[in-house]
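Subject: Handing over the structure

Dear colleague,

I am passing on the structure we spoke about, and below it I have written up what I found. Please keep it open beside you as you read.

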Amino acid sequence: MNFLAHAFLARHTDAAMVGALLGDFAKADAWTAYPPPVALEIIVHRQVDSFTDSHPATLEALALFAPARRRFAGIALDVFYDHLLSRHWAQYSDLPRRQFIAQFYAALLAHDAILPERLRAILPSLVGHDWLARYHHMDGVAWAVTRMSQRLSKNGQLLRDCLPDLHAHYGALEALFDAFFPELVAFVPAARARVLAGRALPRPG
């Protein structure tokens, strides 16, 4: 899952959405430094990633990529899942997609003081260039994948080479997402409840 999906899965509060994004930026044990609603979603974010990575539909989707670049396919697939969520938005939310994205950006800006430096550095671009809305179209997927490939120390071309596989198997990947994503939506509240029941979260201040 990428930014849009994580925010959507934590949409119940602004702090939760911020925490869901921080799961990609905070160190493994850094959740203890954040207020409880944020810390909770950092933990849940990682459970979402584990559920997604091990789901049979995701494994079947990864098998559609050429073997030489399959180890990078998960990165491309995460962005593509955001694209599919964006395209299928009305199936999952009564709130208009653009309104949700604007709310998410506002939440990030309001929590700027607690954002890790790496996230704070990209926040003006994330909001100013409207990253989450760009995923709605495949040229936005290509832009995001290309941008990620340029940050890799090596083999960035293998990540970019995943783009033709996304186009070639668009229909099959969409069908797998349609089967998988409702299960993920159902998984998240239960995962959140288990964390709350079984793991102490830090107190504010």
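How many of the 9 residues of helix H2 (residues 14-22) are buried? Before the answer, please bear in mind that this is a predicted model. In helix H2, 8 of the 9 residues are buried, so the helix is largely enclosed by the rest of the structure. The buried ones are Ala15, Ala16, Met17, Val18, Gly19, Ala20, Leu21 and Leu22, and what covers them includes helix H1 (3-9), helix H3 (36-54), helix H7 (97-110) and helix H8 (117-128).

The aromatic residues come next. The structure holds 15 aromatic pairs. One of them joins Phe3 and Trp131, whose ring centres are 6.3 Å apart and whose planes meet at 5°, so this pair is stacked. Since Phe3 belongs to helix H1 and Trp131 to helix H9 (residues 131-134), the pair ties together parts that are 128 residues apart in sequence. Both partners can be judged by the cut-off for buried residues, which is under 20% relative accessible area: Phe3 has a relative accessibility of 9% and so counts as buried, and Trp131, at 4%, counts as buried too. A further pair is formed by Phe104 and Tyr105, where the ring centres are 6.5 Å apart and the planes stand at 35°, so the pair is tilted; both of these residues are buried.

Ring pairs also build up a cluster, which links Phe8, Phe51, Tyr81, Trp89, Tyr92, Phe100, Phe177, Phe180, Phe181 and Phe187. Phe8 has a charged companion as well, for Arg11 lies over the face of its ring, at 4.1 Å from the ring centre. Elsewhere, Arg134 lies over the face of Trp143, and there the distance from the ring centre is 3.9 Å.

As background for the next part, nonpolar side chains in soluble globular proteins tend to be buried together. In this model the largest nonpolar core has 74 residues, and those with the most contacts inside it are Leu85, Leu132, Leu166, Phe180, Phe181 and Leu184. The largest share of this core, 10 residues, comes from helix H13 (residues 170-198). If you would like to follow one of these residues on screen, take Leu166, which, leaving aside its neighbours within four places in sequence, is in contact with Phe65, Ala76, Phe80, Met138, Val141 and Leu173.

At what angle do H5 and H13 pack? The angle is about 75°, and the two axes are 10 Å apart. Angles of 65 to 115 degrees count as roughly perpendicular, and that is why H5 is described as roughly perpendicular to H13. On the H5 side the residues that meet the other helix are Leu77, Phe80, Tyr81, His83, Leu84, Leu85 and Arg87, while on the H13 side they are Tyr170, Leu173, Glu174, Phe177, Phe180 and Phe181.

Each of these two helices also holds a residue that I looked at separately. Ser86 is found in helix H5 (residues 70-87) and, with a relative accessibility of 2%, counts as buried; apart from residues up to four places away in sequence, Ser86 touches Leu4, Arg97 and His136. Pro182 lies in helix H13 and is partly exposed, with a relative accessible area of 36%. Not counting residues up to four places away in sequence, Pro182 touches Tyr92 and Phe177, and its C-alpha atom is separated by 9.9 Å from that of Gln91, although the two residues are 91 residues apart along the chain.

Two aspartates complete the account. Asp53, which has its place in helix H3, is 21 residues from Gly74 in sequence and 8.1 Å from Gly74 in space, C-alpha to C-alpha. Again not counting residues up to four places away in sequence, Asp53 touches Thr58 and Leu59. Asp130 is found in the loop between H8 and H9 and is partly exposed, with a relative accessible area of 22%. Most residues other than glycine have a negative phi, whereas phi of Asp130 is near 55°, a positive value in a residue other than glycine.

With best wishes

Key: Residues are numbered from 1 along each chain as its sequence is written. This is a predicted model: local features need pLDDT of at least 70, side-chain atom pairs count only at pLDDT 80 or more; totals for chains, interfaces and linings use all residues. Side-chain values use heavy atoms; hydrogens and water are left out. Buried means under 20% relative accessible area, exposed over 50%, partly exposed in between (1.4 Å probe, protein chains only). Helices (H or I, at least four residues) and strands (E, at least two) are DSSP runs, numbered from the N terminus. Contact means heavy atoms within 4.5 Å. Rings of Phe, Tyr and Trp (its six-membered ring) pair if their centres lie within 6.5 Å; planes under 30 degrees apart count as stacked, over 60 as edge-to-face and the rest as tilted. A charge sits over a ring if NZ of Lys or CZ of Arg is within 6 Å of the ring centre and within 35 degrees of the ring normal. A nonpolar core is a set of buried Ala, Val, Leu, Ile, Met, Phe, Trp, Tyr and Cys residues joined through side-chain atoms within 4.5 Å. Axes are lines fitted to C-alpha atoms, for helices over the stretch in contact, and angles run from 0 to 180 degrees between N-to-C directions. Angles under 35 degrees count as roughly parallel, over 145 as roughly antiparallel, 65 to 115 as roughly perpendicular and the rest as oblique.
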